[in-house]
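Below are some comments on the model you asked me to look over. Please read them with the coordinates open.

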Amino acid sequence: MGKAFLRTGRVAEQIQRELADLIQMEVKDPRVGLVTLTGVEVTQDYAHAKVYFTTMKSAEQAPKAQAGLEHAAGFLRSQLAHRMKLRIMPQLHFIYDTSVENGVRLSQLIDEAVASDKAHQREE
């Protein structure tokens with residue numbers, strides 16, 4: 001891996017940590033409550049950052065949470081600029097991450113298949 005990829009990864013991790021703290025402590029928008037950041041991807045030129053999030057509430061609340069995060073993006077970006085010493089602070093783009101929901105659904109399907117298999121073996 002080249003130096004650029006290592007540095008963008010470190011910057012993405014730092015942005016994720018700082019954003020998680022800012023969202024928890026500074027953002028007062030009720031739409032953003034119970035949001036978990038699952039990852040950050042930063043472009044090589046540091047112009048844009050995709051911030052992946054999930055909510056602890058139902059999936060129907062995701063658009064509201066995303067709207068709240070997009071509304072707070074300017075504030076979050078300015079606070080990040082104060083906390084991090086980067087020449088270019090990336091524009092933040094919030095994207096709802098469905099991987100957690102998909103994982104839960106797959107886990108449920110596996111549990112159902114195992115239970116069905118055990119029930120089928122008992123019948124025989």
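The points below go from the whole chain to one helix and then to one strand residue.

1. Since this is a predicted model, the remarks here concern computed geometry. The secondary structure comprises three helices and three strands, and along the sequence these elements are arranged in the pattern α-β-β-α-β-α.

2. The overall dimensions deserve attention, as the radius of gyration of the chain is 19 Å, whereas a compact globule of 124 residues would have a value near 14 Å. Along the principal axes, the C-alpha atoms occupy a box of roughly 70 × 40 × 20 Å, and 30% of the 124 residues count as buried.

3. Of the contacts between residues at least 6 apart in sequence, 62% connect residues at least 24 apart. The chain exposes about 8200 Å², of which 55% is supplied by carbon and sulfur atoms.

4. Helix 2 (residues 62-83) spans only 27 Å between its end C-alpha atoms, although a straight helix of 22 residues would span 32 Å at 1.5 Å a residue. A kink of about 50 degrees, centred on Ala73, is found in this helix, and Ala73 is itself among the buried residues of helix 2, as are Ala72, Leu69 and Leu76.

5. Is Thr55 buried or exposed? Thr55, which belongs to strand 2 (residues 48-55), counts as buried because its relative accessibility is 9%, where the cut-off is under 20%. Leaving aside residues up to four places away in sequence, Thr55 touches Leu34, Val35, Ala62, Ala65 and Tyr96; of these partners, Ala62 and Ala65 are buried residues of helix 2.

Conventions
Residues numbered from 1 in each chain as written. Predicted model: local features only at pLDDT ≥ 70, side-chain atom pairs only at ≥ 80, totals over all residues. Heavy atoms only, no water. Helix = DSSP H or I, 4+ residues; strand = E, 2+ residues; numbered from the N terminus. Buried < 20%, exposed > 50% of the residue type's maximum accessible area, 1.4 Å probe, protein only. Contact = heavy atoms within 4.5 Å. Expected span 1.5 Å × (residues − 1). Bend = angle between axes of the 7 residues up to and from the residue. Rg over C-alpha atoms; globule rule 2.2 N^0.38 Å. Areas by Shrake-Rupley, 256 points an atom, 1.4 Å probe, with all protein chains shown as cover.
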